[in-house]
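The following questions and answers examine a protein fold step by step. Please consult the sequence and structure shown here.

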Amino acid sequence: MYSINENYQKLPGSYLFSTIAKKVAAFTEANPDKQVIRLGIGDVTQPLAPAIIEALHKAVDEMGQADTFRGYAPDLGYEFLRKVIAEQDYKARGCEISPDEIFISDGAKSDSGNIQEIFGADNRIAVCDPVYPVYVDTNVMAGRAGTYNEGSGMFSDVVYMPCTAENAFVPALPREADIIYLCYPNNPTGTTITKEELQKWVDYACEHHSVIIYDAAYEAYISRPEVPHSIYECEGADSCAIEIRSFSKNAGFTGLRLGFTVIPKKLKVNDVTLHSLWARRHGTKFNGAPYIVQRAGEAVYSPEGKAQLRDQVGYYMNNAKIILEGLKSAGYEVYGGVDAPYIWLKTPAGMTSWDFFDRLLEKANVVGTPGSGFGPSGEGYFRLTAFGSRENTEAAVERIKQM
C-alpha cells in the first residue's frame, strides 16, 4: 500500500489566499448587489506595456516559421535574457554577477519554494515574522519545520524573527540559523532595509557559514538611494547569498510567468557549489520558460520598455500614496507604501486581523489580507495592496474612511 508525505498534514489549514477567496466568494454569493473591491492579493491590474506586447507578437511570428522556431529552452535560460539581466540589474550597480550565474524560471514563487530542495533536511531555517507564507510552508512540506503549535502559531524547528513597529520592522540577527530568508522591500509589511543594515546580515552569514535566500521581487519600487536593489551590493554577499527576482511586479507578468534566481559560483559548502546543485535540480525538474515569454522579458530592459514600466510602477506607487495618506488622515497607524506597493496597517481598537477582515468586507466591501496569515507577529496588522485600478483604490479608501 502506498503512503503519503505526512509533512503535508502538518500544514495548518489551507493556503492563506485560498481561505480569503472562499470567504469573499461566500460574501459575494450572499450579497450579489455589493461591489467588492479587492486589495488583498498582490496581483497587477495594468495591461502589459506596448514594448512587451510588440516583443511577444514578434516572438510568436518567429515560432510560426521553420527557420526561427524554438523548442526546449537552454537549462539556464536564453543567453540574450541572462546577458541583459547581468548587465543592467547587476553590473550597472557594481555587482559582479555573470550571465551563467543567472537561472531563468517561471517565477519567484516557484523558485523561493523550490530552492530549499538543494539543502539538507537538518538545516535550521530563520524567517522574518510576519513572512511570505511560501518560505515556511515549503520547508514544512520538506520535513524541516518540526511540529506546529496551534497556540503560538509557530513551528518548533523554525527560527522566527519578529518584525514589528517596536523594532521598525527590522529583525534582530538570529542566535542560530543555517538558512535565512529575507525579503526586501518586504512582503507583507511594505518596509525596507538600508544597505548598512543589510551588510550586517551578510557579515553574519559569512561568519556563521549560513546562506541567505534574498527575495528581491519588489526592487523596482525602491525610490530612496539608501535602500539597496540587490544584496550583491553588499561586500561578501556573493559567497553567502542567493537572490530571487520576479518579472510579475515590475513588468506585470503575473499571467505570463517569468523570474530568475542568481547563485554565484563562489557560494559553496566544502568543494560543492550551490550553483552546481541548483543547475542539476533546474535541468532535471524544469524545461524552461517559453521562448516568447523570455523575449518579452528581454523587452523589459529596452529603452522603450524601461520608460513604459517606470510609468507603470509610478501608477501603482501613486495608488500606494493615496492609500497611505488616506488611511493616515482617517486616524489609522500605517507603514510601508514608500518603497513598496504594500501598506501595512495596525488594526483599530485591538481587533484581531481576521475580525478586521470581516468588518472591512461587510462594512466597506473591501478585501485585504489579515496580518496573522503571515505569521504570529502579523496578528493585529492588516495588508492592503496598491495594485488595484486608480478608481477602485480611491473608492476603497473613501469606503474605509466611512466605516
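**Sheet, packing and cysteines**

Q: What is the strand order of the open sheet of 7 strands?
A: The pairing in this open sheet of 7 strands is mixed; two strands pair if DSSP finds at least two bridges between them. Strands (E, at least two residues) and helices (H or I, at least four) are DSSP runs numbered from the N terminus. The order is β2-β10-β9-β8-β7-β3-β6.

Q: Which strands stand at the edges of the sheet?
A: An edge strand here has a single partner, so one side of it is left without a neighbour in the sheet. From one strand to the next, the twist averages 20°. The strands at the edges are β2 (102–105) and β6 (158–162).

Q: On what basis does this description rest?
A: This is a predicted model, in which local features need pLDDT of at least 70 and side-chain atom pairs count only at pLDDT 80 or more, while totals for chains, interfaces and linings use all residues. Residues are numbered from 1 along each chain as its sequence is written, and side-chain values use heavy atoms, with hydrogens and water left out.

Q: Which residue in β10 is the bridge partner of Ser246?
A: Strand β9 (residues 241–246) runs antiparallel to β10 (residues 259–262), and 4 bridges join them. Within β10, the partner of Ser246 is Gly259.

Q: What angle does the direction of helix α3 make with that of β2?
A: Helix α3 (residues 79–90) packs on the sheet and touches β2, β9 and β10, where contact means heavy atoms within 4.5 Å. Axes are lines fitted to C-alpha atoms, for helices over the stretch in contact, and angles run from 0 to 180 degrees between N-to-C directions. The angle between α3 and β2 is about 115°.

Q: Which helix lies across β3, β7 and β8?
A: The strands concerned are β3 (125–129), β7 (179–183) and β8 (211–215). The helix spans residues 133–141 and runs at about 150° to β3. It is α5.

Q: How many residues of β17 are buried?
A: Buried means under 20% relative accessible area, exposed over 50%, and partly exposed in between (1.4 Å probe, protein chains only). Tyr381, Arg383 and Thr385 point one way from β17, Phe382 and Leu384 point the other way, and all are buried. For strand β17 (residues 381–385), the count is 5 of 5.

Q: Which residue in β17 is the bridge partner of Tyr342?
A: Strand β14 (residues 342–346) pairs with β17 in the antiparallel sense over 5 bridges. Strand β16 (residues 369–370) also pairs with β17 in the antiparallel sense, over 2 bridges. The partner of Tyr342 in β17 is Thr385.

Q: How many disulfides are there?
A: A disulfide is a pair of cysteine sulfur atoms within 2.5 Å. By this rule the count is 0.

Q: Why is the sulfur of Cys206 in no bond with that of Cys240?
A: Cys206 counts as partly exposed, at 34% relative accessibility. Its closest cysteine sulfur, in Cys240, is too far for a bond, because the separation is 3.9 Å.

Q: What is the radius of gyration of the protein?
A: The radius is taken over C-alpha atoms, and the globule rule is 2.2 Å times the number of residues to the power 0.38. With 403 residues, a compact globule would have a radius near 22 Å, and the protein agrees with this. Its value is 21 Å.
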